[in-house]
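Work through the exercises below with the structure in view, and try each task before reading its solution.

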Amino acid sequence: MQEGLAITRARVVAVLRNAPRRGTEIDLVLMALQGKTAGFEKVIKLIQDMVANLKKEQADDDSKKTYCESELDKSEDTGKQLERSIEVSGTAIEELKGAIATWTTEIGDLQASIRDLDSSVAEATKLRKEENSEFKDLMTNNKAAKEVLLWAKNRLNKFYSLYKPEALAQTAPQLVQVSAHRRGGGDAAPPPPPETFGAYVNKGQQTGGVVSMIDMLVGELDKEMSEAEVSEKDAQADYETLMSDAGAKRAADTKAVTDKAAAKAKGEESLQAETDNKKGLSIELMETKQVIANLHAECDWLTTYYDVRRQARTEEIESLGKAEAVLSGADYSLLQTRRAALRGA
């Protein structure tokens, strides 16, 4: 019997020592087999516990590997999504900055346009007042001149309507005779008439040119005033059109400034919100990358050597299984031998 146990022990030791891989469990079984003189129940139990432990370790590795792969995939997907979100946010920020710069420029241009328009309106108003003042002065002066000319014409007409040369011609000899009679000249010849009563000249012909000239001047004044009135009317109409167009343009530009200022303010709010969002995404990405780094630190060794560890456990479990089979077979033979000996006794 002892010889049978020794043979079984030797076979088990040979199986274990020739195992493809020798782990701690095999070494422990080899140590347990040293000096055994009785049954191998405890060794078999040790082997069974070791196989169970190896299977549990493999199950843990399987679970850990699944966890690592899942968490790494999820974290890397999250990181990629965050990177895309940060890129989109960065593009939005640049677009908002560009829009705000455009609104700022447009508002400045509109405000400058409004100032220029106000300056043009003020200049046009000043010019219109000057033109109107000149028109009024012209009308006042021309009316006064016309009145003077008409008064002079009226005086001339009155003067020449009272002056009658025929009457003077008839009375002149009588006056001479009366004068001579008073001097007692008798039949003496009268002296020659005074030069005042020379030959008659038609004064109407001389004065007609003056009156005509006055009429011509009056006509020129009337024409100038008529042209001035037309020019004043046209200038006032042009000024009113200018004021209407300028008012409409100023209202439109002012509304545009208000609208663009509101859009700019909203854009600035959006820019601040997007900047904060990008900052938050960047922090989240940093944290995600740290999680990925931690997972790599935790899982890289396992994932790298997973197949090697599984193969080693499988071979070790197989070797322990063979050893257990040998030991179990030996125990079964010994049990049969004992029963036969008891029956023979």
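**Exercise 1.** Determine how many residues apart Lys74 and Glu71 lie in helix 3, and what their side chains form.

*Solution.* Begin with the position: Lys74 and Glu71 are both in helix 3, 3 residues apart, about one turn of the helix (helices are DSSP runs of H or I, at least four residues, and are numbered from the N terminus). Next, their side chains meet in a salt bridge at 3.4 Å, N to O, the term standing for a side-chain nitrogen of Lys or Arg within 4 Å of a carboxyl oxygen of Asp or Glu. Finally, Lys74 counts as partly exposed because its relative accessibility is 48%, where buried means under 20% relative accessible area, exposed over 50% and partly exposed in between, with a 1.4 Å probe and protein chains only. This is a predicted model, in which local features need pLDDT of at least 70 and side-chain atom pairs count only at pLDDT 80 or more, while totals for chains, interfaces and linings use all residues. Residues are numbered from 1 along each chain as its sequence is written, and side-chain values use heavy atoms, with hydrogens and water left out.

**Exercise 2.** Find which parts of the chain the salt bridge of Arg313 and Asp61 links, and decide whether Arg313 is buried or exposed.

*Solution.* The side chains of Arg313 and Asp61 meet at 2.8 Å, N to O. This pair links distant parts of the chain, since Arg313 belongs to helix 5 and Asp61 to helix 3, 252 residues apart. With a relative accessible area of 7%, Arg313 is buried, and Asp61 is buried at 9%. Both residues also take part in a network of salt bridges with Glu57 and Arg309.

Definitions and conventions
Helices (H or I, at least four residues) and strands (E, at least two) are DSSP runs, numbered from the N terminus.
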